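Q: I'd like a close look at the spots where charged side chains meet, and then at whatever lies around them. Please keep it plain, as I'm new to this.

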Amino acid sequence: MKLSQKQWRVVGTIAAVAATTTAGGVAWAATSADPTPSASPSTPGQQQKPDGPGKGGVRGEFGLGGALHGEFVVQKEGGYQTMAMQRGQVTAVSKDSITVKSSDGYSRTYALTADTLVNAARDGISDVKTGNTVRVTAVVTNGNATASSVNDGTVRQAAGQKWGFKHGPR
C-alpha cells in the first residue's frame with residue numbers, strides 16, 4: 001500500500017508532535033528532579049533537605065526554599081506594603097489571634113480578622129489546634145502582624161489521608 005502525499009503529511013505531523021512531546025517530557029522531568037544532596041549534612045556549606053512533604057527544598061514554600069520566617073516588602077497601589085511569612089507549630093490559637101513558633105525558636109502572634117483566609121477544614125480557625133504545623137502570611141503595619149492567610153498542613157494532611165491521598169490534597 002502506497003501512501004498519498006496528504007497521508008505522508010499527516011504521518012509526519014503525528015511523528016513530529018510525538019517527538020516534541022517526548023523531548024519536552026524528558027526535559028521537564030530532568031529539571032523537576034529532586035536535588036537530594038549527596039554530601040553528609042556535616043559538610044560545611046551543604047544544606048540538608050528538610051524531611052517530609054512541604055518542608056522546603058529548592059522551590060519550597062513561596063519559592064523561598066526552606067525559609068522558616070521573615071519579612072519582605074511588596075509594591076502595592078500607591079506605595080509599598082511589608083509582609084511577613086512564618087512556618088511552624090501553633091502554640092496558641094483563638095478566634096482573634098494565632099501564635100506560631102518556628103523550629104529555630106522564633107515566635108510571633110498574628111491578629112485574625114474576618115478577612116483572614118484559613119485553609120484547614122470545614123470549621124476554619126476552629127479546626128486549627130495547638131501543636132499543628134501551619135504557614136502564615138501576614139500584612140505588617142506599625143510592627144503589628146495581621147494574618148492574611150493561615151494554611152494548616154496538619155489538618156490538610158489528615159483530610160487528604162482520609163480520602164486516600166498520599167501526602168494530602170494539593
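A: Start with Asp96 and Lys95, whose side chains meet in a salt bridge with an N to O distance of 3.5 Å. The term means that a side-chain nitrogen of Lys or Arg sits within 4 Å of a carboxyl oxygen of Asp or Glu. Lys95 is exposed, with a relative accessible area of 65%, while Asp96 counts as partly exposed at 46%. Here "buried" is under 20% relative accessible area, "exposed" is over 50%, and "partly exposed" is in between, using a 1.4 Å probe and the protein chains only.

A quick word on what you're looking at: this is a predicted model, where local features need pLDDT of at least 70, side-chain atom pairs count only at pLDDT 80 or more, and totals for chains, interfaces and linings use all residues. Residues are numbered from 1 along each chain as its sequence is written, and side-chain values use heavy atoms, with hydrogens and water left out.

The structure holds two salt bridges. In general, side chains of opposite charge can pair when their charged atoms come close. The other pair is Arg108 with Glu71, at 2.9 Å from N to O. This pair links distant parts of the chain, since Arg108 is in strand β4 and Glu71 is in strand β1 (residues 69-76), 37 residues apart. Strands (E, at least two residues) and helices (H or I, at least four) are DSSP runs, numbered from the N terminus. Arg108 is buried, at 13% relative accessible area, whereas Glu71 is partly exposed, at 47%.

Now stay with β4, the strand that holds Arg108. β4 covers residues 107-111, and Arg108 and Tyr110 make up its covered face, while Ser107, Thr109 and Ala111 make up the uncovered one. What does β4 pair with? β4 runs antiparallel to β3, and five bridges join the two; strands count as paired if DSSP finds at least two bridges between them. One of the links puts Ser97 opposite Ala111, its bridge partner in β4. Five residues lie between the strands of this hairpin, and Gly105 takes a positive phi near 100° there.

Right by Ser97 in the numbering is Ile98. Leaving out neighbours within four places in sequence, Ile98 is in contact with Arg108 and Tyr110, and also with Val90, Ala92, Val93, Thr109, Leu112, Val128 and Val150. Contact means heavy atoms within 4.5 Å.

Ile98 and Tyr110 also turn up in the largest nonpolar core, which has 17 residues; they are among those with the most contacts inside it, along with Val128, Val134, Val136 and Val150. Such a core is a set of buried Ala, Val, Leu, Ile, Met, Phe, Trp, Tyr and Cys residues joined through side-chain atoms within 4.5 Å. Which elements give two or more residues to it? Those are β2 (79-93), β3 (97-101), β6 (133-141) and β7 (144-152), and β6 gives the most, with four residues. In soluble globular proteins, nonpolar side chains tend to be buried together.

Finally, zoom out. The protein has two helices and seven strands, and from the N terminus on, the order is α-β-β-β-β-β-β-β-α. Buried residues make up 23% of its 170 residues.
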